[in-house]
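Got the viewer open? Let's take a walk through the salt bridges and then head inside to the nonpolar core.

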Amino acid sequence: MIQMEQKLSLKIKKLDNFASLPQYKTQGASAMDLVAAIDEDVIIPPGEIRLIPTGIAIELPKNTEAQVRSRSGLAIKQGIAVVNGIGTIDEDYRGEICVGLINHSKKDFRIQRGDRIAQMAIMEVLKPQIVIQEELSCTKRDKGGFGSTGV
């Protein structure tokens, strides 16, 4: 488990000389903003998906992952979201971080170089040993699935 006092380092390689480094915008922010590193504006029409490069690659600390998430302001105000909900960057990936964005709105959305397009949080990863069981313990919910606990 990661100790709170332990300083973690996120190594970043700029693949584009003018790429912006991810930044925490406030002292209490849990995720850092990822910025578009594009040469020309990108238009995302309604219902369409575009892959937006950030111009950076990262080296994560051991036993961590980077989670790429939608920026709440873009999602709520513009209908722009990370296409797969939360994207996972594995600790052994060294390629460019790109963000798949989808336009859920009814109008075109323009992305320009330097726009904050998503956020990235570094999370600890647990890797449990897999144990095959004939039976699992019973709970009050048991096999109740979608909607079984009410609205």
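Is D33 buried or exposed? Select it and show its surroundings: D33 is buried, with a relative accessible area of 8%. Keep in mind as you click around that this is a predicted model.

**Stop one: D33 and R71.** Add R71 to your selection. Its side chain meets that of D33 in a salt bridge, 3.6 Å from N to O. D33 belongs to strand β2, while R71 sits in the loop between β6 (64–69) and α1 (72–78), so this pair ties together parts that are 38 residues apart in sequence. R71 is buried too, at a relative accessible area of 18%, which falls under the 20% cut-off.

**Stop two: D41 and R110.** Now pick D41, in the loop between β2 and β3 (42–44), and R110 in strand β10; the pair ties together parts that are 69 residues apart in sequence. Draw a distance between the two side chains and look for a salt bridge of 3.2 Å, N to O. Colour by accessibility here: D41 is partly exposed at 38%, and R110 is partly exposed at 46%.

**Stop three: R113 and D16.** Next, select R113 and D16, whose side chains form a salt bridge of 2.8 Å, N to O. This one links distant parts of the chain, 97 residues apart: R113 is in the loop between β10 (109–111) and β11 (116–124), and D16 is in the loop between β1 (11–14) and β2 (32–35). The two ends differ in burial class: R113 is partly exposed, with a relative accessible area of 32%, whereas D16 counts as buried at 16%. Bring in D39 as well, since salt bridges with shared partners join D16, D39 and R113 into one network. If you want to hunt down the rest, the total count is 8 salt bridges.

**Stop four: the core.** Hide the charged side chains and go inside. Which residues have the most contacts inside the largest nonpolar core? They are L101 and I111, in a core of 26 residues. Strands β2, β3, β5 (56–59), β6, β7 (80–82), β9 (98–103), β10 and β11 each supply at least two of its residues, and β11 gives the largest share, with 3.

**Last stop: I111.** Centre on I111 and show its contacts. Leaving aside residues up to four places away in sequence, I111 touches A36, I38, V42, I44, I52, L101 and I117. D41, the salt-bridge partner of R110, also touches I111.

Terms used:
Residues numbered from 1 in each chain as written. Predicted model: local features only at pLDDT ≥ 70, side-chain atom pairs only at ≥ 80, totals over all residues. Heavy atoms only, no water. Salt bridge = Lys/Arg side-chain N within 4 Å of Asp/Glu carboxyl O. Helix = DSSP H or I, 4+ residues; strand = E, 2+ residues; numbered from the N terminus. Buried < 20%, exposed > 50% of the residue type's maximum accessible area, 1.4 Å probe, protein only. Core = buried A, V, L, I, M, F, W, Y, C linked by side-chain atoms within 4.5 Å. Contact = heavy atoms within 4.5 Å.
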